[in-house]
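Me: Can you walk me through this one? I'd like to start with the cysteines.

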Amino acid sequence: MQIEMQKLFDIVKEGGALFRNREEAARIRVKGLSDYVTEVDFHVQELIRTRLVQEWPQVQLMGEEKDNSEIDFSKAVWILDPVDGTTNLIHDFRQSAVSLALYDGGKPVCGVIYQPYTEELFHAVPCARGGRSKGECGAFLNGKPIHVSNAKTMGESLISIGTAPYEHEYADRNFDLFKRIFLDCQDIRRLGSAAVDLAYVACGRTDAFFEMNLKPWDFAAGRILVEEAGGTVTDFAGNSPDFRKKGSILGSNGKIGELLVERYMNF
């Protein structure tokens with residue numbers, strides 16, 4: 001199916017504008033260990049859901065703040081994280097994003113990640129699907145084409161990490177891994193939003209990002225961005241991840257991902 005991208009951009013930006021409501025960001029509900037939801041999350045999801053239904057009523061919605069048991073992945077489905085980086089939002093850390101992807105029959109159609117604090121809108125449309133003229137497919141930041149970095153060695157790489165904050169039982173393994181990678185690369189970063197992390201890989205600001213046990217809404221749009229920008233997204237064994245399920249995700253410019261799988265990820 002074809003999507004009028006400007007309409008999608010307008011919807012995502014309208015949702016992202018709600019991030020600035022500090023009163024609603026302070027209304028917090030605890031879902032689990034280090035896992036929170038705010039009134040902003042709910043309002044962004046409901047606004048975007050309503051707008052999507054108005055424009056594309058035939059498409060299902062898989063969202064972080066709803067029951068998704070009825071989703072039929074053989075048909076078209078939006079995958080939405082209304083606020084990727086809720087803990088950041090609570091603290092006004094300003095590294096949060098709206099992440100929205102569309103898959104149809106299991107195939108990616110488009111992905112959008114909007115960081116409202118910097119007013120950066122990343123989007124990708126797979127060229128392999130065809131049906132669009134040159135310049136309309138690929139990966140973009142505010143309308144300009146982007147590409148992953150050219151780094152080929154660990155020593156020239158800036159690598160972003162995710163700590164799997166909801167699963168403290170993995171802390172020892174995770175931080176041992178972080179230390180080994182830190183000692184071999186230029187430096188590491190921890191942004192607290194997988195969507196932003198993957199967008200930064202896509203535009204070459206970082207060379208790789210990885211985190212254990214991400215949900216589909218955490219990586220669905222970012223995966224499309226990285227792949228259309230010339231990179232790769234795999235699990236920790238180097239296999240293609242299933243966008244329908246929780247999984248450990250490694251996004252990179254390709255070469256650095258290969259090095260990470262070969263040397264570090266079998267822990």
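Reply: Sure. This is a predicted model. First a definition: a disulfide is a pair of cysteine sulfur atoms within 2.5 Å.

Me: How many disulfides does that rule give?
Reply: The count is one disulfide.

Me: Which cysteines form the disulfide?
Reply: C127 and C137. Their sulfur atoms are 2.2 Å apart.

Me: Where do C127 and C137 sit in the chain?
Reply: Both are in the loop between β7 and β8. β7 covers 120-125 and β8 covers 138-141. The two cysteines are 10 residues apart.

Me: Why is the disulfide called right-handed?
Reply: The torsion about the S-S bond of C127 and C137 is about 100°, so the disulfide is right-handed.

Me: And C127, is that buried or partly exposed?
Reply: C127 is partly exposed, because its relative accessibility is 38%. Its partner C137 has a relative accessible area of 18%, so C137 is buried. The cut-off for buried is under 20%.

Me: Why does C110 have no bond to C137?
Reply: Because the gap is too far for a bond. C137 holds the closest cysteine sulfur, and that is 13 Å from the sulfur of C110. C110 is also buried, at 1% relative accessibility.

Me: What about C203?
Reply: C203 is in no disulfide either. The nearest cysteine sulfur belongs to C127, 18 Å away. C203 counts as buried, with 18% relative accessibility.

Me: New topic. Where is S157?
Reply: S157 is in the loop between β9 (144-145) and β10 (158-161). Its relative accessibility is 0%, so S157 counts as buried.

Me: What does S157 touch?
Reply: Leaving out neighbours within four places in sequence, S157 contacts A151, C185, Q186, D187, D207 and I256.

Me: Now the nonpolar core. Which residues touch the most other members?
Reply: I79, Y103, I113, F122, I146 and L225. They belong to the largest nonpolar core, which has 37 residues.

Me: Which element supplies the largest share of this core?
Reply: α6 does, with eight residues. Others that each give at least two include β4 (77-84), β5 (97-104) and α7 (216-228).

Me: Back to L225. What does L225 touch?
Reply: Residues up to four places away in sequence aside, L225 touches I113, F122, H123, A124, A139, F140, I146, A199 and A202.

Me: Anything apart from that core?
Reply: Yes, another core of 32 residues lies apart from it. Its members include L8, L102, Y117 and L121.

Me: Why would nonpolar residues gather like this?
Reply: In soluble globular proteins, nonpolar side chains tend to be buried together.

Key:
Residues numbered from 1 in each chain as written. Predicted model: local features only at pLDDT ≥ 70, side-chain atom pairs only at ≥ 80, totals over all residues. Heavy atoms only, no water. Helix = DSSP H or I, 4+ residues; strand = E, 2+ residues; numbered from the N terminus. Buried < 20%, exposed > 50% of the residue type's maximum accessible area, 1.4 Å probe, protein only. Contact = heavy atoms within 4.5 Å. Core = buried A, V, L, I, M, F, W, Y, C linked by side-chain atoms within 4.5 Å.
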